[in-house]
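Let's take a walk through this one, strand by strand and ring by ring. Have the model open as you read.

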Amino acid sequence: MCSSDLGDLVIADMPADLDLRRLVARWLVDGWPHLFPDDTEDWYLQVWAEADRTGTGAPHGLVATVNGVPVGTASMVLDDELPGADEPGPWLAAVWVEPPHRGHGIGEALVRTVMGRADGPLWLYTEDGVPWYEAMGWRVVRDAELNGHAVTVMTWGP
């Protein structure tokens with residue numbers, strides 16, 4: 001737990017609470033329909049069910065709360081389904097902070113928590129977050145395309 005200018009921030013493993021999981025899944029489905037037009041809430045629920053069986057390795061889901069209210073999420077997955085990707089994974093994926101809570105360090109706390117759980121290099125792709133990730137030590141690997149949209153593949157490793 002740490003304190004942010006919003007209150008007490010807690011980054012925790014995705015709880016088994018189905019209502020919370022559905023809320024977080026809805027954020028992700030609504031957040032990137034142009035990149036992932038086929039994603040559904042059930043797909044995310046299946047990923048988190050798998051994560052329940054793996055401990056802190058991939059796949060793994062996290063949720064951020066401020067004063068007990070869910071405000072963000074991030075995951076570590078084995079394959080982030082980028083067409084043509086030959087990077088080995090695991091991948092940092094689905095980093096999301098609800099818009100009213102952005103700019104307060106919640107996303108960085110989520111990303112750094114995933115980074116702290118990695119046993120080796122991590123990979124990600126982003127549409128527009130290159131400078132933000134570079135500030136945390138990630139480096140650009142290459143440009144790619146996902147469903148007609150330009151993305152940048154990045155890596156980080158201990």
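A good place to start is A94, which sits in strand β5. Strands here are DSSP runs of E with at least two residues, helices are runs of H or I with at least four, and both are numbered from the N terminus. Before going further, note that this is a predicted model, where local features need pLDDT of at least 70, side-chain atom pairs count only at pLDDT 80 or more, and totals for chains, interfaces and linings use all residues. Residues are numbered from 1 along each chain as its sequence is written, and side-chain values use heavy atoms, with hydrogens and water left out.

Back to A94: its phi is near 55°, a positive value in a residue other than glycine. For context, most residues other than glycine have a negative phi, and most peptide bonds are trans. A94 counts as buried because its relative accessibility is 17%; buried means under 20% relative accessible area, exposed means over 50%, and partly exposed is in between, using a 1.4 Å probe and protein chains only. N147 also has a positive phi, about 50°, although it is not a glycine. You'll find N147 in the loop between β7 and β8, where it is partly exposed at a relative accessible area of 46%. For a backbone oddity of another kind, look at the peptide bond from G89 to P90, which is cis with omega near 5°. P90 belongs to the loop between β4 and β5.

Now for the empty space. The largest pocket holds about 810 Å³, and among its 36 lining residues, W32, A94, V95, W96 and Y133 are the closest to its centre. The search runs on a 1 Å grid over the protein atoms alone: a pocket is an open set of points with protein on both sides within 12 Å along at least five of seven lines, where a 1.4 Å probe fits, and lining residues have an atom within 4 Å of a point. Points are joined across faces, edges and corners, and the volume is the space filled by probe spheres set on them. Which strand gives the most to this lining? That's β5, with six residues. Other elements supplying at least two residues include α2 (41-52), α3 (106-117) and α4 (130-134).

W96 has company too: R102 lies over its face, 4.6 Å from the ring centre. That label requires NZ of Lys or CZ of Arg within 6 Å of the ring centre and within 35 degrees of the ring normal.

Next, the rings. There are seven aromatic pairs in the structure, meaning rings of Phe, Tyr and Trp (its six-membered ring) with centres within 6.5 Å; planes under 30 degrees apart are stacked, over 60 edge-to-face and the rest tilted. W132 and Y133 make an edge-to-face pair, because their centres are 4.8 Å apart and their planes at 75°. W138 and W156 are tilted instead, with centres 6.3 Å apart and planes at 40°. This second pair links distant parts of the chain, 18 residues apart: W138 is in the loop between α4 and β7 (139-146), and W156 is in strand β8. Both W138 and W156 are buried, whereas W132 is partly exposed at 37%. All four, W132, Y133, W138 and W156, form one aromatic cluster.

Finish at α3, where the buried residues include I106, L110 and V114.
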